[in-house]
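Q: Please give me a close look at one part of this model. Then place that part in the chain as a whole, and point out any backbone oddities on the way.

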Amino acid sequence: MKTVRLTVAQALVKFLDNQYIEFDGKVTKFVEGIFGIFGHGNVLGLGQALEQDSGELIVRQGRNEQGMAHVAMGFAKQKLRKQIYACTSSVGPGAANMITAAATATANRIPLLLLPGDVFATRQPDPVLQQIEQTYDLSISTNDAFRAVSKYWDRVSRPEQLMTACINAMRVLTDPAETGAVTIALPQDVQAEAYDFPEHFLQKRIHRIERTPPTEAMLQDALTLIQNAKKPLIICGGGVRYSEAAEQLKAFAEIYNIPFAETQAGKSAVVSEHYLNMGGVGVTGCVAANLLAPEADLVIGIGTRYTDFTTGSKWIFNTDEAKFLNINIARFDAYKLDGVQVTADAKETLEKLTALLATTGYQSQWGDKIAQAKQALATELARVHNVTYTGKDFVPEIDDRLDRDAVYAEFMDMTNSCLAQTRVLGILNETLGNDDVIVAAAGSLPGDLQRIWQSKGENTYHLEYGYSCMGYEVNAALGVKIAEPHREVYTLLGDGSYMMLHSELVTSIQENRKINVVLFDNMTNGCINNLQIGHGMDSFATEFRFRNEKTNKLDGGFVPVNFAMNAASYGCKTYQVTTEEELRAALADAKQQQVSTLIDIKVLPKTMAKGYDSWWHVGVAEVSNKEEIKAAYEDAVEHIDAARRY
C-alpha cells in the first residue's frame, strides 16, 4: 500500500480539496474553500497545513465565528446544497460561537462543515487555555455541545481516525435527506501529529447525489388520492428548489389546474406572477393561499417540513376532510401529518405522476376560485404597497392597544420620518431587478416578505426561516454574493437583527464582494412587540427605550442609533432615508457602487403587514390578573380544539 506521511491537518486539507459532487451527470468541486479564525487551538495545525499547501481551496478570513459560518451556510443554500465552505476555529469561545450556526444549518437541512480545534488528546498540559474542566468527565470539551445540533459529530483523537471521520462527514453532507451541520473536533496536538496516510484516501472522490425514484406502490397511492380530490392544493417547499424541480411542478400544476402555495424555502422556485402561484401559506401566508387552504381536500406537500408557520399550527387546513400527500426525499418529513408517503426525489416523482395522471383525464374542480384568490391578492398588494401616513388619525396595519398617536409623535420628532414599512417594501419590490436576490431571516420582515413580496426571478428569494436566526442576514448575504458574484444581493433586516450580528460586513469589504444592507429601523423588536400586545400584554422590554429613573423600567424615550455612521466606519457607502424620494435616490445610487452599501431607513412602528386569516399556537398564560390575557387564553383554547392533534 502506498502511503504519504502528513500531519492530520495536512491530510484533512488534501482530502477536502479532492471532494466532488455529481448531480444529473455534472461534476462540481464540492468544497470551494475554508473560512477561518485562527487561535492557539488550530493555527499551528490547520493553519500551518493551509499555509503550506491549500491546493485549490480558497481561504477566507472571518470576523466572528458565528458570522463566518452563516456566510458558509448562505453560500451552500444559494448553491442549492451542491457546494460548501468549511469553517475552522479554535476550541473554547471560538467553537462555541459556531454552535448557533450549526443549529441554523441543521434546522434548515443545509450542509455546513465545522472543524473546531479541541483540547489536547494527551491531556498532558491540562487544563489548557480555553478548556472547560468537568469534574465528572474529563473527556468533555466545549465541542461536545455541538452534538445536539449536528447531523454528524466526531472527534479525531488518533490520526488514523481522520479517515472514517472524513468519509462519514461526506456521507452526511451530500445526503439530501440527512444533511445539516457536520462537526469534526480536532485536538490541537493531534492536528500536528504525523501519520502514514494511504494515498487512496487522498485521491479524487466523486459523491453522487442520486435522484431516488418513487416505487410503483407509492405512485399508485398518490394517484388514488389525487383522482379522488376535487380541490387539491400543492405546497411548494424548499425541496422543490434543491431538487431543481420547478419546471416539473409548473407543468404538473398547469396540466391539472392545481394551485400551489409557497413556504419560505420554496418561494421563488416559480415566479410570483404565475397564475397558479397563490403565494405564501399559513401564519405568514398571504390572502390568496390562505383563502384556498381551508377549502383544500388534498394537500400535496412537495419538499416541505410542514413547520407550524406553514400549517398555521396544524389549524389552517380542514381538519376533518383534508388528506395529505407528502412527496419528500426525507422519510421523516414524508410521515408528517399522517400523510401518504412518497419518499423520493421531487423532480422524478412529478414527472412520473404527470404522465400517469394524464391517462385518467383528471382536472381539479376549483372553478373560478383560483382566479378570484389571485385577484384578491393583486388588490391587497396594490393597497399595502401604497400605505402612507395620513396624519393623527392614521390607523396602521397592526392596530393594537399601543398608544400609537403618542408613539408616532415621539418617533417622528426623533427621526423626521413617517415611512410605512409595507410602502418601503413596495418601492423595493418595484425597483429591484428581476435577477436581484433578497436575503432575510428574522423579525417582522420574513412575514411581510412571504405575504407581499413578488418574486420576479427564480431563486431570488433567500430566506432562513427554519431557525429564524437573528444575525443570519448580513453574513449570509455575503455567502450569496460569493456563490453568485454576478447578482446584486440585498439583505433586508431590522435594527434588532443588525445589532445582533453583522460582522462579515467588514469581510465583504475585504473580499471586494459588494452586498446591499437595507435596514428597517423602528427602534423596536417589532415582531415580538406585536406578539405580546396581540395576546393581552403591554409593551414590555421589546421597544428600544432608555431606563426611566422614576419608574426604574425601560419606558423612557427611544434610544436613537445612527446605523449609517456605523457602516460608514467599516468602509461602506451609506444613506440615511426618511422620505420616499430619498429611498429611491439611495437605491439608484447603491446600484452604481462597487463597495458594500447600507441604507438606514426609519420606519413607523406597527406598519408591517397583518396576518391573513391565520393562527399561530403560542404559549398564553392560563392564569392572569388582566382581562385581555384571559381573553387571549380562551381564544387560544378554541383554536387548539380546532387544530389537528398530530
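A: Start with a term. A helix here is a DSSP run of H or I with at least four residues, and helices are numbered from the N terminus. By that count, Thr310 sits in helix α12, which covers residues 308-311. Bear in mind that the model is predicted.

Is Thr310 buried or exposed? The cut-off for buried is under 20% relative accessible area. Thr310 has 7%, so it counts as buried.

What covers it? Set aside the neighbours within four places in sequence. Thr310 then touches Ile235, Thr263, Val281, Gly282, Thr304, Ile316 and Phe317.

Next, the segment around it. UniProt, in an unreviewed entry, annotates residues 219-353 as "domain: Thiamine pyrophosphate enzyme central". Helix α12, at residues 308-311, falls within that range. The span is 35% helix and 19% strand. Its end C-alpha atoms lie 7 Å apart.

Two other annotated spans give context. The unreviewed entry lists residues 31-133 as "domain: Thiamine pyrophosphate enzyme N-terminal TPP-binding". That stretch is 35% helix and 22% strand. Its end C-alpha atoms are 34 Å apart. Residues 442-601 carry the UniProt label "domain: Thiamine pyrophosphate enzyme TPP-binding", also from an unreviewed entry. Here helix makes up 39% and strand 16%. The end C-alpha atoms of residues 442-601 are 17 Å apart.

Now the backbone oddities. Most residues other than glycine have a negative phi, and most peptide bonds are trans. Against that background, look at the loop between β7 (112-118) and β8 (152-155), where Pro127 is placed. The bond joining Asp126 and Pro127 is cis, with omega about -10°. Gln130 lies in the loop between β7 and β8 too. Gln130 is not a glycine, yet its phi is positive, near 75°. With a relative accessible area of 28%, Gln130 is partly exposed.

Ser468 is another case. Its loop runs between β19 (461-463) and α19 (472-483). Phi is about 45°, positive in a residue that is not a glycine. Ser468 is partly exposed, at 27% relative accessible area.

Step back to the whole chain. It has 25 helices and 23 strands. The C-alpha trace spans about 75 × 75 × 55 Å along its principal axes. What does the radius of gyration say? For 646 residues, a compact globule would have a value near 26 Å, and the chain has 26 Å, which agrees.

Burial and contacts fill in the rest. Of the 646 residues, 60% are buried. Thr310, as a buried residue, belongs to that group. Take the contacts with a separation of 6 or more: 77% of them join residues 24 or more positions apart.

Last, the surface and the charges. The chain exposes about 25,400 Å², and carbon and sulfur atoms supply 50% of that area. There are 61 positive and 79 negative charges. The mean positions of the two sets are 3 Å apart.

To return to the part you asked about: Thr310 is a buried residue. It is placed in helix α12. Its contacts beyond four places in sequence include Ile235 and Phe317.

Key
Residues are numbered from 1 along each chain as its sequence is written. This is a predicted model: local features need pLDDT of at least 70, side-chain atom pairs count only at pLDDT 80 or more; totals for chains, interfaces and linings use all residues. Side-chain values use heavy atoms; hydrogens and water are left out. Helices (H or I, at least four residues) and strands (E, at least two) are DSSP runs, numbered from the N terminus. The radius of gyration is taken over C-alpha atoms; the globule rule is 2.2 Å times the number of residues to the power 0.38. Buried means under 20% relative accessible area, exposed over 50%, partly exposed in between (1.4 Å probe, protein chains only). Contact means heavy atoms within 4.5 Å. Accessible areas come from the Shrake-Rupley method with a 1.4 Å probe; for residues, only the protein chains shown count as cover. Lys and Arg count as positive and Asp and Glu as negative; His and the chain ends are not counted. The place of a charge is taken as NZ of Lys, CZ of Arg, CG of Asp or CD of Glu. UniProt positions are given in the numbering used here, feature names are shortened, and annotations may be inferred rather than shown by experiment.
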